[in-house]
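Student: I've got a model open and a pile of terms I'd like to pin down. Can we go through them one by one?
Tutor: Sure, let's have a look at it together.

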Amino acid sequence: PEPEPEPEPEPKLDKKEPPPEPEPEVKEEEEEAKPDDEPAPVPVPVSVPAPAPAPAPTTAPKEEEKEEPKEEEKDDPVPTPAPAPAPAPAHVPAPTPTTTTTTPDSDPDSDPSPEPNSDPDPDPVDDSFDKDYPPSTDKLTLEEAKAVRKLVFKDSSVTFNAAWAKQGFFFSKEEELQYGLIQLEGGPCGVVATVQAFVLRHLLFGDAKPPADAKESWKEPGKKEQKQAVCYAIASIIWGCASSKVGTGDSYGKVTMNRPAKVCIAPDDKAHLQRSKDFKHDGVTEKIHVVTCFNYEDCYQTVRDNLSTFMKKDGPGVILLCFSCLLSRTPEQVVKDMDSSEGIVPRMIGNHGYANQEFVNLYMTGAAVSNTFDGQKILGDETGASDDAMTFGGIAHQNDIGFLTLFEAFGNLECGQNFKVPVCPVWVVCSESHYSTLFSPVAGHTVVDESVKKTDIYYFDPLGEQDEEIKLTLDRDAEDVPEGGGEETDLTPPIDKVVRTKWGRVGVDWNGAEPIL
């Protein structure tokens, strides 16, 4: 009988053992709730296991504490890859901002990037950063400076000459030409003419898509409208380089790379990059700071905050835009964009300091492709699978701004419809190793209507020292017009030949202005 009472406490111990079992279960539930709290703070766990009433008040406040700073994450300067899937459309044109300082600035903000990026059926974007992250500023590194110079000159020790280093984006003071930028010296015409084209796009049509006919006031913009147009032009070009698409084959121009915009500024006159044998100062590069922007609004605002530097007559505006575009596209992607012969990548500034086609295409489309035809062309093998096949990149989509060239009149290259028929009737013109602009205030002039016998377009040359407006009248009934638009006579203005590559066999009347030969 005495040993029997001994087993009685054993069942009591057995009864006491079960209580510890639910305790680890509660801990497991709490541990499972913790990881759920981090990625998904919205679904707060409402019910807490009854056996553990103490943890309930501790977990609930954690949820509330995380919900409040949820909005403050936008101000976190360090991007985290965790919220990547949420902001899908970071590279599509940004909506009209709600925090602009002045009302007119909302126009360029609602048209963030050139037309090639607004594909009618774009591929889904897998963003690697949140577009709401605030901009951050860093000094240009020596590696970045050398990489850009190597792209531009094929030698990181070469510097920009004075024509590039002392050229800003400022307007003519002629009464009839206050819409036109002025170029001081030969060399950076490709950059100035492209910015001029985007300035005209804004002054003529604003951010309208499709554009409507321009108002007569475009000819006499005030200083405020001029500044807005330059700000829109620079921000649109830089953002286009950041948001432009890549890809080959069937996916050509459809795969979006995740790149924030890099807006280069020169906030002070102090150099932070030291001279060396392989890095020389040019008065600008060694002073550059880089502002990383994750959305178009911040890109636009950064340009606007530094607009006086970009628009200074003999300032560094051209070089700052050059660095901004190359860093936004990234040097690695720029090399992939260009056609290379036997692995030799062409430089972006050629002989006599002129911008090559790759450089102009980068500003206009956001991609430094080497050609002006539509899409891609494969030589040697239609499938591109052969080792001997060569792929050449052209213009992937209809562009916002057009491009015409004298080289097509001579039969040296093909300019495709994506450039000839842009969204807006504004064209950058390459003629006689120089870039200028043709444009029309009539939105429908992008398409050639052969039933219309006479069409008026305008010509502007930033380097031409124009003192009057040049209006060209294209006449389909004109007599003695050469066939084909090629090299007819030495006295035929090259611009006439360029015009005929788009409008066909038309006479060109300069309406009393001196033809440019």
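Tutor: One term up front: contact means heavy atoms within 4.5 Å. With that, residues 24 or more positions apart account for 67% of the contacts in the protein with a separation of 6 or more. Keep in mind that this is a predicted model.

Student: What does the secondary structure of the protein come to?
Tutor: You'll find 16 helices and 13 strands. As for burial, 49% of the 517 residues count as buried.

Student: What makes α5 roughly perpendicular to α11?
Tutor: The axes of α5 (residues 142-153) and α11 (residues 317-329) cross at roughly 100° and come within 10 Å. Angles of 65 to 115 degrees count as roughly perpendicular, so α5 and α11 get that label.

Student: Which residues make the contact between α5 and α11?
Tutor: From α5 you have Glu144, Ala145, Val148, Leu151 and Val152, and from α11 Cys322, Phe323, Leu326 and Leu327. By class, that contact has 8 nonpolar residues, 1 charged and no polar.

Student: Why is Leu517 called exposed?
Tutor: Exposed takes over 50% relative accessible area. Leu517 has 62%, so Leu517 is exposed. Leu517 sits in the segment after β13 (507-509).

Student: What does Leu517 touch, not counting residues up to four places away in sequence?
Tutor: Leu491, Thr492, Pro493 and Pro494. Ile495 is 22 residues from Leu517 in sequence, with 8.3 Å between their C-alpha atoms.

Student: How do you know that helix α9 is mostly covered?
Tutor: Count its buried residues, where buried means under 20% relative accessible area. In α9 (residues 296-305), 7 of the 10 residues are buried. They are Tyr296, Glu297, Asp298, Cys299, Tyr300, Thr302 and Val303.

Student: What makes the approach of Asn295 to Glu297 at the start of α9 a polar contact?
Tutor: A side-chain oxygen of Asn295 reaches to within 3.3 Å of the backbone nitrogen of Glu297. The cut-off for such a pair of N or O atoms is 3.5 Å.

Student: Which residues have the most contacts inside the largest nonpolar core?
Tutor: Leu321, Leu326 and Phe359, in a core of 97 residues. Leaving out residues up to four places away in sequence, Leu321 touches Phe169, Val191, Val195, Ile234, Ile237, Ile238, Phe310 and Tyr363. Apart from that core lies another, of 19 residues, including Leu438, Ile457, Ile470 and Trp510.

Conventions: Residues are numbered from 1 along each chain as its sequence is written. This is a predicted model: local features need pLDDT of at least 70, side-chain atom pairs count only at pLDDT 80 or more; totals for chains, interfaces and linings use all residues. Side-chain values use heavy atoms; hydrogens and water are left out. Axes are lines fitted to C-alpha atoms, for helices over the stretch in contact, and angles run from 0 to 180 degrees between N-to-C directions. Helices (H or I, at least four residues) and strands (E, at least two) are DSSP runs, numbered from the N terminus. Angles under 35 degrees count as roughly parallel, over 145 as roughly antiparallel, 65 to 115 as roughly perpendicular and the rest as oblique. Ala, Val, Leu, Ile, Met, Phe, Trp, Tyr, Cys and Pro count as nonpolar, Asp, Glu, Lys and Arg as charged, and the others, Gly among them, as polar. Buried means under 20% relative accessible area, exposed over 50%, partly exposed in between (1.4 Å probe, protein chains only). A polar contact is a pair of N or O atoms within 3.5 Å; within protein, one must be able to donate a hydrogen and the other to accept it, and residues adjacent in sequence count only if both atoms are side-chain atoms. A nonpolar core is a set of buried Ala, Val, Leu, Ile, Met, Phe, Trp, Tyr and Cys residues joined through side-chain atoms within 4.5 Å.
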